[in-house]
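Q: Could you walk me through a few local features of this one? I'd like the cut-offs spelled out as we go.

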Amino acid sequence: MSARRAIYNARIIDPASGMDEKGGVLIENGVILDVGPGVTKTTQADVKNDAKGKALAPGLIDLRVKTGEPGAENKETLQTASDAAAAGGVTTFVVMPDTDPVIDSVALVDFVKRRADGVAKVKVHPAAGLTLGLDGAKMSEIGLIREAGAAFFSNGDKPVEDAGVLRRAMSYAASFDALVASRPDTPALSKNTVMNAGAFAARLGLRGAPPEAEWIALERDLMLAETTGVRLLVDCISTARSLAAVERARKAGVKVTCSVASYSLFFNELDVGDYLTYCKVQPPFRTEADRMALIDGLRRGVIDAVVSAHDPQPTEDKRLPIADAAFGAVGLETLLPALLSIALREEIPLAVALKPVTSGPADLLDLPQGRLAAGAPADLVLFDPAAPWACDRDDLSSRSKNSPFDGRKLEGRVLRTWVNGATVFERG
Amino acid sequence: MADYAFPHRHLLGIEGLNRLDIETLLELGDRYVDLNRQRVKHADTLAGRTLVNLFFENSTRTQGSFEIAGRRLGADVVTMPIATSSVKKGETLIDTAMTLNAMRPDLLVIRHGSSGAVKLLSRKVDCAVINAGDGTHEHPTQALLDALTIRRRAGDIGGMRIAICGDILHSRVARSNVACLNMLGAQVRLIAPRTLTPPGAADWGAEVFTDMRKGLEGCDVVMMLRLQQERMDGAYLPSAREFFHFYGLDADKLRHAKPEALVMHPGPMNRGVEIESSIADHKTRSLITEQVEMGVAIRMAVLETLAKNAPEPGANSK
């Protein structure tokens, strides 16, 4: 029996129920016993924490994280990624299969789960390769891997180019009601590009990825999802038109959901500015009109998940001419602050802005966490929703420091994080 | 029914037959089972008639079964060695047919890898044509022998719940069986992953399942299909072990069917892929060897029936 803990005098935010009011949360044995205005300073408990009016929400669930484990531990390990997650208020994350070796078998899914159980402070769910070695040719053991506990199936950052392979893999996955995630990209259009195609890229003299690279693949994936009946998560859309396509398909009855990288809500193509390699990401920062359309989607509740798209890259792979630099940005520690900043600046209610990092992804993966409700795991984050701070990459817990937020001013800061009722991070 | 005149010249598929046609063949087949169990198995029904086996695809059991069926009825049986024949030398299918036709056979048994090829040949020859399997289209004598097997063991097929499991998409056996069992009043279920379920299968008059345990619930008969090795290379299925885990018939999955449910397989089996050995060899529940026995009898019935319908010499030739 663990001690009964009461966190009181908090601003309780539960996106699942829409709750945003004063109150507290009562925890015992790692599970939420009670939540709401009834939990106060006088509630019977062994340990009491005064939240001092700060915001208390479900710990974040991040559906897109890359680590370097196995294969590139110099970039990030499951342990260092979980440290970054805890510091960012992320209590559950999904690791992508793009590792070396690729997570494409029962044994590797099992390895990642066991490894994470041993070293990670937060909950880690592996996603598995849709095709073997992400080769885009042969499907992996989708049924067995799903039974082994894979969160979903994805070809990571290597899109399946052969529509026949994708159709059969989706069709097969549908037999098991497995979730398939696909980041829409057409390599023929995006290969060797650096940023969004357009006037700004032209002025910098950089090769740009046109938005059609995303649209063509997206439309194909939506059609195949429609005919195969698979549950499709469109991973990291970055344009206004992509969001409209997803909404249209959803209205037509396609079982489709979508995610957006937090950086796509925060930056536009101009932020690449002076050839900043930390801003070289896939999909690239798009136009301001795209960014505003995605923020509007956040406000309207049509974005199912906002992800960090955490992709650690060591200095040696980033401190290069931008055309030669690696893609990717770390994001676990800035996911919540970025969302809070956007919510504040764009006047989006927190219970709405936080849904795609709590109950949204929880529902997608059928997880019990991601909500403040009796019986749910006590995965919680306490934060100051308006505290201003400037991000300094050297203060990040990630092993790699490639953050586009480096030097940026943000509003909203994590104070403390709990997983199953135990503190995993506390700001000193 | 004894005086019912089977109205077809060829047997190209179950499609196109009616219930009476099927019952007529099953009843005649039933009588030949008894003949085949006697020490002397000869009849002279087809004495003086010529049966030609033309197998463009390798086959051991079906080809052998037709040969034995023809011989037991007294026919002269010739099996054309396709592998070393003029077909390999580039002769077109229709030229081969015309050549054979000129030899004036009475019955032509054809297996071909392309759907529709047997029907094409049937239009070019004067004799009766029996489809011994065309591509992924039909294999009518297999469906008839399966029906005879079930009937002899368990009685009336009407009202039975019968599951067909495995590679439905590429199976001519499944197509013929669905048509045949439906006609005989069975409730047919198809069980397969979606990659191996043909589009529109739900309109075949069968219920479609992806979960084998659910699909087997309440079934009287479980028919397993052969899974071709080349399907397991990652295109349609990830691996043999995954297929066995979800769609291989083992004791655990079979428990979901009726307690004494019968098990069938058209052969040849991949033990450990689509069926567990202990199930395939089960003394009381496996009908797999009985199917082979019924195969000879039903083919005798088909040969006799079609030979009767053959036009008089000269009636149809140029």
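A: Leaving aside neighbours within four places in sequence, A:Asp162 is in contact (heavy atoms within 4.5 Å) with A:Gly136 and A:Arg220. This is a predicted model, in which local features need pLDDT of at least 70, side-chain atom pairs count only at pLDDT 80 or more, and totals for chains, interfaces and linings use all residues. Residues are numbered from 1 along each chain as its sequence is written, chains are lettered from A and ligands numbered from 1 in the order in which they are written, and side-chain values use heavy atoms, with hydrogens and water left out.

Q: ok, which backbone nitrogen does the side chain of A:Asp162 reach?
A: The side chain of A:Asp162 reaches the backbone nitrogen of A:Gly164, at 2.8 Å.

Q: and is A:Asp162 buried or exposed?
A: Neither, because A:Asp162 has a relative accessible area of 41% and counts as partly exposed, where buried means under 20%, exposed over 50% and partly exposed in between (1.4 Å probe, protein chains only).

Q: switching topic, how many disulfides over all chains?
A: The search of the whole structure finds 0, a disulfide being a pair of cysteine sulfur atoms within 2.5 Å. For A:Cys391, the nearest cysteine sulfur is that of A:Cys279, 12 Å away.

Q: why is B:Cys180 without a bond?
A: Because the closest cysteine sulfur, in B:Cys219, is 17 Å from the sulfur of B:Cys180, which is too far. B:Cys180 is also buried, at 0% relative accessible area, and A:Cys391 counts as buried too, at 4%.

Note on methods: Polar contact = N/O pair within 3.5 Å; in protein donor to acceptor, adjacent residues only side chain to side chain.
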